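Reader: I'd like to go through this structure with you and ask how each label was earned. Could you set the values against the cut-offs for me?

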Amino acid sequence: MSEVPAIRGGRPVRTRPFPSWPQWGEEEERNLLEVLRSGVWGIGGRRAFEFAAEFAKYSGCRYGVPCANGTVALKVALRAVGVGEGDLVVTSPYTFIATASVLLELGAVPVFADLMEGGLHMDVTTVRDGLEVKALLPVHIAGMPNPMDAIWEVSRERGIPVVEDAAQAHGSEWRGRRAGSLGNAGCFSFQSSKVMTSGEGGCITTDSEELADLCWSLINCGRTRTADWYEHELIGYNYRMTEFQAAVLQAQLTRLDAQIERRQRNYGILLEESSSLRALEVLRPPEGTTRFNGYLVPVRIDRSRAGDVDKRRVVEALRAEGIPASPGYTVPLNRHPGIARYFLSKLPDRSLLGPLPNAEAAVRDVFWLPHVVLLGDQEDVLDVVKALVKVDAEIENL
Ligand SMILES: Cc1ncc(COP(=O)(O)O)c(C=O)c1O
């Protein structure tokens with residue numbers, strides 16, 4: 001492998017790759033061959049439902065509905081809890097675009113809360129009083145659970161449902177309860193970067209049989225579980241998961257706990273060993289987190305020490321040291337041009353647009369390391385620390 005010069009010259013900290021992703025083995029191969037040879041690749045198969053039931057149980061829920069991806073999981077779960085034309089839904093501005101775009105697809109209007117001070121999760125108390133809100137949509141960003149106390153309080157007081165965007169949070173826990181079981185419905189993604197993956201895929205988890213049935217119907221063209229094939233009680237979609245996806249996911253689920261334990265252990269080392277950084281800070285999960293799946297390692301640039309260096313330069317410097325890094329989200333969704341085009345005219349009040357200072361700080365100052373940096377051994381983590389220390393020392397000159 002040719003050596004990449006570190007950004008300010010000299011030898012890069014690391015020239016070996018981190019563990020590759022995705023990881024698979026004989027179990028995925030065996031399951032896939034079984035599906036292939038059975039000739040039952042979609043309708044009529046049992047695996048997708050079996051997988052969803054296993055994943056729901058893993059996530060602390062009674063019911064699981066398999067679907068094509070995380071985006072449609074969100075769309076279907078939101079529609080199932082009653083979100084439709086003109087409804088206001090409180091959500092986070094610091095998230096993947098799908099969290100908000102599905103609301104627009106349903107004709108609903110995202111109301112973006114600001115983030116908690118110094119954090120990456122929505123603070124529902126920043127939304128002004130007096131709005132008629134239909135649902136709450138917290139995002140367990142980076143795999144770190146959104147603190148739930150204030151969300152549960154608003155949900156209880158107003159009698160409105162909570163749908164979790166748990167797309168990144170497989171196996172994470174808030175006060176001992178798994179992501180996906182913290183609201184009325186949880187929505188997961190199994191897209192390629194996630195901590196378990198089938199390339200694409202999704203699942204809705206819930207404790208409500210009624211909600212599960214409605215989601216099942218919406219994903220299956222409006223059919224019901226018991227009626228004839230060409231009876232459609234409502235207008236739904238074909239958002240079904242294939243048996244091939246389920247075959248891979250069943251195997252991936254058997255690896256998840258060991259991988260999370262490894263990431264948790266390595267994350268602990270990373271936190272401890274990086275405590276002397278001056279201008280960079282490896283972020284901790286919010287208080288109340290009892291299990292963090294390690295999907296992303298968010299790192300914050302301290303402006304009082306780093307000046308106004310662009311986070312993209314810091315990311316480039318880390319990459320030059322052989323550490324994979326990403327700038328992450330660079331625009332909060334309340335002023336995302338793609339989102340704004342569709343929802344400005346529907347907003348009941350322009351003051352709802354913001355400004356959202358904590359969200360602005362997050363997109364300006366926070367970048368990510370991917371979960372593979374936590375999937376190796378202690379030596380791999382210490383390389384990450386070395387690179388962070390090196391870039392931290394040079395940050396004002398970048
Ligand atoms: C926070 C969040 N929400 C929703 C999604 C959408 O999931 P998918 O890509 O499976 O449609 C993703 C992932 O890509 C995500 O990270």
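Author: Happily; what follows is a set of questions about labels, each answered from the values. One thing to keep in mind is that this is a predicted model.

Reader: Let's start with the whole protein. What makes it as compact as a globular protein of that length?

Author: Its secondary structure comes to twelve helices and 13 strands. The radius of gyration is 22 Å, and the globule rule gives 21 Å for 398 residues; the two values are close, so the protein is as compact as a globular protein of that length. Along the principal axes, the C-alpha atoms fill a box of roughly 70 × 55 × 35 Å.

Reader: How much of the protein counts as buried, and how much of its contact map comes from residues 24 or more positions apart?

Author: Of the 398 residues, 50% count as buried. Among contacts with a separation of 6 or more, 70% are between residues 24 or more positions apart.

Reader: Now a single residue. Why is C187 called buried?

Author: The cut-off for buried is 20 or more other C-beta atoms within 10 Å. C187 has 33 C-beta neighbours inside 10 Å, so C187 counts as buried.

Reader: Where does C187 lie, and which residues does it touch?

Author: C187 is part of strand β8. Leaving aside residues up to four places away in sequence, its contacts include G70, A73, L74 and A77, as well as V163, E164, D165, A166 and A167, and also G202 and I204. For a sense of distance, the C-alpha atoms of C187 and L280 are separated by 32 Å, with their positions 93 residues apart along the chain.

Reader: And what makes V154 partly exposed?

Author: Partly exposed is the class between the two cut-offs, 20 or more for buried and 12 or fewer for exposed. V154 has 17 C-beta neighbours inside 10 Å, so V154 counts as partly exposed. V154 sits in helix α5, residues 149-158. Not counting residues up to four places away in sequence, V154 touches V124 and L136. Its C-alpha atom and that of L120, 34 residues apart along the chain, are separated by 20 Å.

Reader: Back to β8. How do you know that β8 is mostly covered?

Author: Five of the five residues of β8 are buried. A185, C187 and S189 point one way, G186 and F188 point the other way, and all are buried.

Reader: Which strands does β8 pair with, and in the parallel or the antiparallel sense?

Author: A pair needs at least two bridges between the strands. Strand β5, residues 163-165, and β8 have three bridges and pair in the parallel sense; here E164 stands opposite G186. β8 and β9 are joined by four bridges and run antiparallel, with C203 in β9 as the bridge partner of F188.

Reader: Why is helix α6 described as largely enclosed by the rest of the structure?

Author: Helix α6 covers residues 209-219, and eight of its eleven residues are buried, so α6 is largely enclosed by the rest of the structure. Those buried residues are L211, A212, L214, C215, W216, S217, L218 and I219.

Reader: What do the buried residues of α6 pack against, and what follows the helix?

Author: They pack against β1 (63-67), α3 (70-80), β8 (185-189) and β9 (202-206). After α6 comes C221, whose phi is positive, near 60°.

Reader: Which residues come nearest to the ligand?

Author: There are 14 residues around the ligand, and N69, G70, T71, A167 and S189 come nearest. The elements giving two or more residues to this shell are α3 and α4 (98-105). By class, the shell has four nonpolar residues, nine polar and one charged.

Reader: Last one: how do you know that domain 1 touches domain 2?

Author: The domain assignment gives domain 1 as 26-253 and domain 2 as 255-397. Contact requires C-beta atoms within 7 Å, and 36 residues of domain 1 are in contact with 36 residues of domain 2. On the domain 1 side, α4, β3 (109-112), β6 (173-174) and α7 (243-273) each supply at least two residues. The largest share, four residues, comes from β3. That side has 21 nonpolar, eleven polar and four charged residues. The C-alpha centres of the two domains lie 24 Å apart.

Conventions
Residues are numbered from 1 along each chain as its sequence is written. This is a predicted model: local features need pLDDT of at least 70, side-chain atom pairs count only at pLDDT 80 or more; totals for chains, interfaces and linings use all residues. Two residues are in contact if their C-beta atoms, placed from the backbone, lie within 7 Å. A residue is near a molecule or strand if its C-beta atom, placed from the backbone, lies within 6 Å of it. Ala, Val, Leu, Ile, Met, Phe, Trp, Tyr, Cys and Pro count as nonpolar, Asp, Glu, Lys and Arg as charged, and the others, Gly among them, as polar. Domain bounds come from an automatic or database domain assignment. The radius of gyration is taken over C-alpha atoms; the globule rule is 2.2 Å times the number of residues to the power 0.38.
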